[in-house]
Amino acid sequence: VERVDFFGIWRRSPIDDRREIYFSFWQRLLRVLASILVTLFMIGTVIGIIIGLFELRQYLFEEWEGNWKENYVITIISTINAIQITIFNQIFNVLAFWLTKFENHKAQTSFERSLISKTFIFQFVNSFNSLFYIAFIKREEEGCLDENADGVLNISKDNNCFRELYAQLRSIFIVAILKNITEIG
């Protein structure tokens with residue numbers, strides 16, 4: 001089905017000699033490339049924010065070492081990350097629709113396919129990159145936060161990152177539940 005929003009120039013169809021709206025393949029290709037670049041920029045921005053949050057976590061942990069605030073570093077950064085995930089998903093939903101409309105797809109199915117693929121890729125990276133980093137990379141790169149026998153927090157490469165992964169998942173779920181409650185309200 002041809003989209004109502006599809007635009008171009010009127011011409012005679014080379015197939016059946018009827019009048020049709022024509023939009024150049026090269027113009028569409030340039031628009032799709034621009035859309036891909038904007039999506040990659042947004043993904044890069046999200047990855048940069050996550051790197052910044054992990055650097056902030058490391059800084060706060062070193063700054064507040066031995067202080068009572070040290071116990072809340074993981075929760076604070078995880079909550080900031082969960083809020084960032086929610087905000088960027090909302091921003092990109094609007095941006096993805098606008099970018100897909102800008103690409104000027106002729107058929108509704110190609111429009112929907114493009115919108116779904118952009119949204120899925122961005123939301124996958126945005127939602128799971130911090131969890132992926134904590135679960136698979138953080139232990140080898142910088143070590144994981146854990147309590148020793150005395151109850152003192154320390155960073156070690158000998159343990160797993162379940163404590164940080166748990167805090168991250170808990171924050172993401174709590175923020176998602178609060179977002180759902182506000183939507184229902």
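A cavity is a set of points where a 1.4 Å probe fits but cannot get out, and its lining residues have an atom within 4 Å of a point. Keep that in mind for the first stop on this tour of a predicted model.

**Stop 1: an enclosed space**

The structure holds 2 cavities of 30 Å³ or more. Let us visit the second largest cavity, with about 30 Å³ of space in it. Select Ile50, Leu53, Phe54, Arg57, Ile77, Asn81 and Gln168, and you have its lining on screen. Which helix gives the most to the lining of this second largest cavity? Helix 1 does, with 4 residues. Helix 2 joins helix 1 in supplying at least two residues each. Try colouring the lining of the second largest cavity by class: you should find 4 nonpolar residues, 2 polar ones and 1 charged one.

**Stop 2: helix 2 against helix 4**

Keep Asn81 and Gln168 selected from the cavity lining, as both turn up again here in the contact between helix 2 and helix 4. Now show helix 2, residues 73-103, together with helix 4, residues 162-184. Two packed helices are described by the angle between their axes and the distance between the axes. For helix 2 and helix 4, the angle is about 45° and the axes lie 8 Å apart. That makes helix 2 oblique to helix 4. Turn the view to look at how they cross: the crossing is right-handed.

To see the contact itself, first select the helix 2 side: Ile74, Thr75, Ser78, Thr79, Asn81, Ala82, Ile83, Ile85, Thr86 and Gln90. Then add the helix 4 side: Arg163, Glu164, Ala167, Gln168, Arg170, Ser171, Ile172, Val175 and Lys179. By class, this contact of helix 2 with helix 4 has 7 nonpolar, 8 polar and 4 charged residues.

**Stop 3: the largest pocket**

Leave Ile85, Thr86 and Ile172 highlighted from that contact, and add Asn89 and Ala176 to them. You are now looking at the residues nearest the centre of the largest pocket, which is lined by 13 residues. About 240 Å³ of space lies in this pocket. Helix 2, helix 3 (108-141) and helix 4 each give two or more residues to the lining of the largest pocket. Which of the helices gives the most to this lining? Helix 4 does, with 6 residues. The lining of the largest pocket divides by class into 8 nonpolar, 4 polar and 1 charged residues.

**Stop 4: bring in helix 3**

Next, show helix 3 beside helix 2. Their axes are 9 Å apart and the packing angle is about 160°. Angles over 145 degrees count as roughly antiparallel, so helix 2 is roughly antiparallel to helix 3. Helix 2 passes helix 3 in a right-handed crossing. The residues of this contact of helix 2 with helix 3 divide into 9 nonpolar, 11 polar and 3 charged.

Now swap helix 2 for helix 4. How far apart are the axes of helix 3 and helix 4, and at what angle do these helices pack? The axes are 10 Å apart and the angle is about 170°. That makes helix 3 roughly antiparallel to helix 4. On helix 3, select Ser127, Ser130, Leu131, Ile134, Ala135 and Lys138; they meet Glu164, Leu165, Gln168, Leu169 and Ile172 in helix 4. This contact of helix 3 with helix 4 has 6 nonpolar, 3 polar and 2 charged residues.

**Stop 5: the second largest pocket**

For the last stop, select Val32, Ser35, Ile36, Thr39, Leu40, Ile43, Glu103, His105, Ser114, Ser117, Lys118 and Ile121, which line the second largest pocket. Two elements give two or more residues to the lining of this second largest pocket: helix 1 (25-63) and helix 3. The largest share, 6 residues, comes from helix 1. The space in the second largest pocket comes to about 170 Å³. Colour the lining of the second largest pocket by class once more, and you will find 5 nonpolar, 5 polar and 2 charged residues.

Key. Residues numbered from 1 in each chain as written. Predicted model: local features only at pLDDT ≥ 70, side-chain atom pairs only at ≥ 80, totals over all residues. Heavy atoms only, no water. 1 Å grid on protein atoms, 1.4 Å probe; cavity = no way out; pocket = protein on both sides within 12 Å on 5 of 7 lines; lining within 4 Å. Points joined across faces, edges and corners; volume = space filled by probe spheres on them. Nonpolar A, V, L, I, M, F, W, Y, C, P; charged D, E, K, R; others polar. Axes fitted to C-alpha atoms, helices over the stretch in contact; angles between N-to-C directions. Parallel < 35°, antiparallel > 145°, perpendicular 65-115°, else oblique. Left-handed = near helix turned anticlockwise from the far one by under 90°. Contact = heavy atoms within 4.5 Å.
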